Amino acid sequence: MPVITATRNHRVSNWMPVESVGTALPTRLDSLTSLRFFAAFAVFAHHFTGLGGKTGYGRAPSIFPYSEMGAHGVTFFFVLSGFLLTWVYKPYEHPIAFYWRRVARIWPATLVAAVLAYYVFYERAHVAVEWKSFIASIFLVQNWLPGASPTLPGNPVTWTLSVEILFYALFPLLARYVVRMRTPLLVTLTVLGLIGMWAVNWWAFETFDPSASRWIMRHPVVYLPQFLLGMTVALLIRRGMRVPLRPFVPLALLAVYVYGYFQLRARLSDAYDAQLEYTLRPTLAVIAALVIIAFVQREIAGHRGLLNAKPLILLGVWSYSFYLLHHAVSRYATYEWGRIPDKDSALFSMLGMGLVILAMSWALYRFVEEPANRWLVKRIPARWRRTAPVER
């Protein structure tokens, strides 16, 4: 998931040689920070409910099976990563400084959360450690291993960070060319990428066994179109694109899509049901982009709403730690006390567990994520700190 901190200042975009917009734009977008928490909570709701309602701590009929769509909250993270990295892009920042900042932000909390994950998913679950896969998860490269054991080794949720690592690795080079592309070419490549994502999904599940096809669809390269979509949206808004779109429209569209998706799955033939599944990731990516566009345009226009409230912003700030911890806590509760009855009373348990995880998230952020990030960023060697052209 994206964990990118923007500064409070406003400045003119001066790195856009093609179709650039000449007005000052905010680099701090509080509503997007708040939205990160809701995406992380959606993933938590999915894990609390469990796969197919057969695992997890409990299932509330009023939100199941719709809560299963929470697993795709990571799609919002992938699109948001492309958007935020491009929005605050520093063309003269040394690539090593960029990588250093990314590692400083994501890795310390990941290492600490891995300790809890090791206890819950291995010791408490009585599962033998396959060290090659576990170590790969520590370095966030587990998605590149087709034979990882278990399928999601280490802290299972960090498979998304394995995707993000590829985004970060490519961004300094990719951004150099993408920001100079003319809008029609940029949009065309983005659309083709999303179509390609659908095609790869179709090809993988029609060609390989379920295990191999699922590995292909977790491979970091497959998610690059979602990252490019986020980059494209950031550039289009910087170039002056404005869409008459209020936030409630894409949010309502998301609700209708989630409801319709599960209703259709119960009625379609196997062939059409498969196509609905293959189009899921690109469709949700487009909806995520519309949500981002709507809220960013609102902030640019100077409007403030509920998502600009400090409590929600803080939840967004803690959301990375929340994401790292939530699955281990939910699974620990299942191992320790067993599943609770599948009744709507499970919602109270989910909210209670969410509050416990939130308190742990605050502690992980307060005592690990943020201080480690500050300590490491201060130690970027001076020769890599340059963020502006040298005057001659």
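This briefing covers confidence, cores, salt bridges and a surface patch in one chain. The model is predicted. Its mean pLDDT is 90, and 91% of the residues reach 70 or more. The largest nonpolar core has 85 residues. Salt bridges come to ten. A nonpolar patch of about 580 Å² lies on the surface.

**Confidence**

- Among the elements of the chain, helix α8 (residues 224–238) has the highest mean pLDDT, at 97.
- Strand β1 (residues 10–12) has the lowest, at 38.
- Across residues 5–22, pLDDT stays under 50.
- The model still has 44 contacts for residues 5–22 beyond four places in sequence.
- Where pLDDT is low, predicted coordinates should not be read in detail.

**Nonpolar cores**

- Nonpolar side chains tend to be buried together in soluble globular proteins.
- Within the 85-residue core, the residues with the most contacts are L32, F76, F83 and W87.
- Helix α2 (residues 73–87) gives the most to this core, contributing ten residues.
- L32 touches L80, F83 and L84. It also touches I292, F295, V296 and E299. Residues up to four places away in sequence are not counted here.
- A second core is separate and has nine residues, including M69, Y261, F262 and I287.

**A buried serine**

- S213 sits in helix α7 (residues 210–216).
- Its relative accessible area is 0%, so S213 is buried.
- Leaving out residues up to four places away in sequence, S213 touches A204, F205 and F208.

**Salt bridge R28–D30**

- D30 pairs with R28 in a salt bridge, with the closest N and O atoms 2.6 Å apart.
- D30 counts as buried because its relative accessibility is 10%, under the 20% cut-off.
- R28 has 29% relative accessibility and counts as partly exposed.

**Salt bridge R124–E336**

- R124 and E336 meet through their side chains in a salt bridge, at 3.2 Å from N to O.
- R124 lies in the loop between α3 (95–123) and α4, and E336 lies in helix α13 (residues 319–337), so the pair ties together parts 212 residues apart in sequence.
- Both partners are partly exposed: R124 has a relative accessible area of 22%, and E336 has 35%.

**Salt bridge E370–R374 and its network**

- The closest N and O atoms of E370 and R374 are 3.6 Å apart, in a salt bridge.
- Both residues lie in helix α14 (residues 346–377). They are four residues apart, about one turn of the helix.
- E370 is buried, at 16% relative accessibility. R374 is partly exposed, with a relative accessible area of 45%.
- Shared partners join R105, E369, E370 and R374 into one salt-bridge network.

**Nonpolar surface patch**

- W131, I135, F139, V141, W144 and V221 make the patch of about 580 Å².
- One of these residues, I135, is placed in helix α4 (residues 131–138).
- I135 has a relative accessible area of 43%, so I135 is partly exposed. That value is over the 30% that a patch residue needs.

Key:
Residues are numbered from 1 along each chain as its sequence is written. This is a predicted model: local features need pLDDT of at least 70, side-chain atom pairs count only at pLDDT 80 or more; totals for chains, interfaces and linings use all residues. Side-chain values use heavy atoms; hydrogens and water are left out. Patches are made of residues with over 30% relative accessible area and no salt bridge: like charges are joined within 9 Å, nonpolar side chains (Val, Leu, Ile, Met, Phe, Trp, Tyr) within 5 Å. Accessible areas come from the Shrake-Rupley method with a 1.4 Å probe; for residues, only the protein chains shown count as cover. A salt bridge is a side-chain nitrogen of Lys or Arg within 4 Å of a carboxyl oxygen of Asp or Glu. Helices (H or I, at least four residues) and strands (E, at least two) are DSSP runs, numbered from the N terminus. Buried means under 20% relative accessible area, exposed over 50%, partly exposed in between (1.4 Å probe, protein chains only). pLDDT is the predictor's confidence in each residue, from 0 to 100. Contact means heavy atoms within 4.5 Å. A nonpolar core is a set of buried Ala, Val, Leu, Ile, Met, Phe, Trp, Tyr and Cys residues joined through side-chain atoms within 4.5 Å.
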